[in-house]
Structure formats: structure tokens, C-alpha cells
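Open the model in your viewer and keep the sequence panel beside it. We will go stop by stop, selecting as we go.

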Amino acid sequence: METTRPLGQSGIRISSIVMGMWQAGKEMWAGIDDQETRRAVRAAFDAGINAFDTAEMYGRGHSERMLAAATADIRSKVVYMTKVFSNHLQYDQVIAACHRSLKNLKTDSIDLYQIHWPSGSWGSRPVPIEETLRALNDLKSQGKIRAIGVSNFSRTQVEAAARFGVIDSLQPPYSLFWRQVEKDALPYCAANSITVLGYSPMAQGILAGRFGPQPVFAKDDHRKGHRLFQPDIYPRVQEAVERLKPIAARHRVTLGQLALAWVISHPGVCAIAGARNAEQASENARGATLALSAADLAELDAIGRTVTDGLDDNPVQWNF
């Protein structure tokens with residue numbers, strides 16, 4: 001199996017498993033330790049992961065700073081992906097946000113700079129997409145960023161952005177239990193050489209087998225608002241997880257590795273997986289080594305649909 005994949009048309013190659021750095025920001029997570037985060041980043045790199053996805057919003061720059069601290073001596077060998085939030089999409093705001101991220105990451109150039117959420121999301125002021133893309137194109141021409149991506153965009157929104165610049169990636173939620181992108185943007189991305197970076201590929205830990213019939217969350221854990229944990233959906237989720245366990249056992253992999261292998265079995269799709277510690281990071285990387293047969297994929301598809309067929313088309317996973 002190929003160990004790296006092209007990032008859109010940028011000329012950058014990234015590992016099929018990308019390490020997600022939301023947890024590293026600490027906000028909205030419980031029990032995250034900075035030393036463990038740095039060890040996890042190095043373990044991921046040692047296991048073959050060369051791409052790391054962060055954002056200015058993850059701990060208000062803390063995640064970016066943790067990534068820089070963990071990879072300062074191997075900067076030329078890793079791919080930095082970060083994001084500008086929806087409240088910073090005016091021209092001058094994008095430029096300022098990029099410079100903050102460059103400072104946090106202690107780098108001269110960000111490899112992939114993404115719009116985190118579409119303009120108007122989370123109560124932000126609407127900004128024309130052409131204004132935001134003008135800023136991103138200027139940053140790219142100056143060498144401050146190497147590629148432009150979007151996150152949480154619908155197909156229509158990706159198409160609109162692509163009219164004003166080269167879009168190399170789309171970052172949507174994508175897992176066996178969350179598949180709206182398949183009906184919307186995935187075919188467009190495949191036809192236009194846009195790499196899909198699927199986040200929450202283990203459905204916030206559900207597909208890693210971390211939760212029993214009655215999940216309990218710390219007060220500040222964002223996952224308690226996740227729609228898959230709601231009482232009208234969660235029993236089906238648990239049934240599906242139980243049906244997946246024998247398949248993982250058959251392949252001698254963990255449930256999480258099976259979930260990651262399913263996401264990256266789709267051409268042009270990578271999986272963004274977070275890790276709290278070095279062991280989880282190494283475990284995630286091994287998900288790239290599992291090749292699934294057509295029969296495996298059909299079986300997994302059928303199980304996944306027992307969950308997804310009961311969901312509406314709202315692509316946002318949380319009830320914030």
C-alpha cells in the first residue's frame with residue numbers, strides 16, 4: 001500500500017493517516033498533558049505520519065505552539081496544516097491570523113492553510129468568499145503558505161471557493177458512522193483533484209471502542225454534545241460497534257485501526273486521527289497498513305449504514 005498521497009495539486013505528499021491536534025489545544029478536552037502531546041507527535045512521526053493538522057482556534061494557538069515545540073528539529077520533514085477561523089475571514093484578518101500562526105509554528109511557511117468553517121458560521125460576520133481567497137492567494141504568492149484548503153464546506157461552497165483560487169483539500173467529518181460527504185462533496189473532490197481529509201474518522205472515540213452502553217463525560221468534554229451520543233441514536237451505534245469487533249479480530253487489528261483503514265480505502269481520502277499519548281499515535285499509524293478486500297468493504301458498509309441511515313443531512317456533528 002502506498003504510504004503517502006498527493007495533497008491536491010500542490011506537489012506536497014502526505015501520509016494517509018494525519019495526526020489531528022485539536023486535543024493538544026486542551027480547551028474542550030479533559031486530561032490532556034503537554035509532555036504527552038509532544039511525545040505523541042514524535043511517536044506519530046516515527047511511525048510514518050508526516051502531516052499534522054492544527055488550527056488557530058485549538059487552545060487559542062496552544063496546539064500550534066505544541067506542534068512547533070515537538071517538531072522544531074524535523075520541520076523540513078513534516079507538513080504543517082493549520083486553519084483560520086470563521087471570524088477572521090476579512091482580507092486583513094486573514095493576513096493577521098496567518099502571521100500569528102506562522103509565529104506560533106515558528107516557521108516561514110505553512111504547508112496547508114485552511115478556512116476552518118464557512119463565513120457566517122458560529123455567528124461570524126459574512127464575508128464574500130472572493131475576499132478571503134484574495135488574501136489566501138496573496139499569502140501563497142508571497143510564499144507564506146503553500147496550499148489552500150477548506151474545512152466543513154459543502155460541495156456548493158467548495159465550488160464557489162474554487163472559482164477564485166486553487167483548492168487543494170476539503171476537510172469534512174468522515175467515518176463509518178458519519179458519511180454525509182459521500183452524498184455531497186466527495187464525487188466533486190475526486191473529479192477535481194481535491195484531497196479529502198476526513199476528520200473524526202473514529203467518531204470521537206466510539207469507533208475505537210472507548211465507550212460502553214452509558215458513556216460518562218467530564219464537564220468540559222465537548223463530546224457529550226455529539227449527536228451520535230444522543231439517546232435516540234446511541235443504542236444503534238453500540239449495536240454496530242459490537243458487529244464490527246469480530247471483523248477487527250479477524251484482521252488482528254484494533255477497532256480504531258479498522259475504522260481508519262475504512263476511511264483511507266477511498267481514493268483521494270486521508271484520515272485525521274487525534275492521539276492523547278505516544279501509544280495511541282503509534283496505534284493510529286498502523287491503521288495505514290491494513291488492506292481491506294471488496295468483501296470486507298461491503299460488510300463494513302452495511303454495518304455503518306445501520307447508524308447513518310437514521311441520521312438527517314445536517315453535516316455538523318455537535319449540538320452546541
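Which residues have the most contacts inside the largest nonpolar core? Select Tyr113, Phe177 and Leu228; these are the ones, in a core of 88 residues. Keep in mind that this is a predicted model.

**The cores**

Stay with the 88-residue core. Its largest share comes from H9, which contributes eight residues. Now centre on Leu228. Leaving aside residues up to four places away in sequence, Leu228 touches Phe177, Trp178, Ala203, Ile206, Ile233, Tyr234, Val237, Val307 and Leu311. Apart from this core lies another, of 21 residues. To find that second core, select Ile12, Ile14, Met81 and Tyr199, which are among its members. In soluble globular proteins, nonpolar side chains tend to be buried together.

**The barrel**

Switch to cartoon and show the strands. Eight of them form a closed barrel, in the order E3-E4-E5-E6-E7-E8-E9-E10, with parallel pairing. Neighbouring strands in this sheet are turned by 25° against each other on average, direction ignored.

Follow the barrel from E7 onward. Strand E7, residues 148-151, pairs with E8 in the parallel sense over three bridges. Select Ser151: opposite it, in E8, stands Gln171. Strand E8, residues 169-171, in turn pairs with E9 in the parallel sense, here over two bridges. At this step Leu170 faces Val196 in E9 as its opposite residue. E9 then pairs with E10, residues 269-274, over four bridges, again in the parallel sense. Pick Tyr199 and Ile272 to see one opposite pair, with Ile272 in E10.

**Strand E9 up close**

Select residues 195-199. Is this strand enclosed or open? Five of its five residues are buried, so E9 is largely enclosed by the rest of the structure. In a regular strand the side chains alternate between the two faces of the sheet. On one side of E9 you will find Thr195, Leu197 and Tyr199. On the other are Val196 and Gly198. Both faces are covered.

**The loop between E9 and H8**

Next, select His222, in the loop between E9 and H8. Its relative accessibility is 6%, so His222 counts as buried. Add Trp29 to the selection. The two are 193 residues apart in sequence, yet their C-alpha atoms are 6.6 Å apart in space.

**Helix H8**

Move on to H8, residues 234-251. This helix has 18 residues. From first C-alpha to last it reaches 26 Å, close to the 26 Å expected at 1.5 Å a residue. Which residues of H8 are buried? Colour Tyr234, Val237, Gln238, Ala240, Val241, Leu244, Ile247 and Ala248. These buried residues pack against helix H9 (255-264) and helix H11 (294-308). Directly after H8 comes Arg252, with a positive phi near 60°.

**Aromatic stops**

Finally, show the aromatic side chains. How many aromatic pairs does the structure hold? There are nine. One of them is Phe211 with Phe217, a tilted pair. Their ring centres are 5.4 Å apart, with 50° between the planes. Phe211 counts as buried because its relative accessibility is 15%. Phe217 is buried too, with a relative accessible area of 19%. End by selecting Trp22, Trp29, Tyr58 and Trp318, which form one aromatic cluster. Trp29 is the residue paired with His222 in the distance above.

Methods: Residues numbered from 1 in each chain as written. Predicted model: local features only at pLDDT ≥ 70, side-chain atom pairs only at ≥ 80, totals over all residues. Heavy atoms only, no water. Expected span 1.5 Å × (residues − 1). Buried < 20%, exposed > 50% of the residue type's maximum accessible area, 1.4 Å probe, protein only. Contact = heavy atoms within 4.5 Å. Pairing = 2+ DSSP bridges. Axes fitted to C-alpha atoms, helices over the stretch in contact; angles between N-to-C directions. Core = buried A, V, L, I, M, F, W, Y, C linked by side-chain atoms within 4.5 Å. Phe/Tyr/Trp six-rings, centres within 6.5 Å; stacked < 30°, edge-to-face > 60°.
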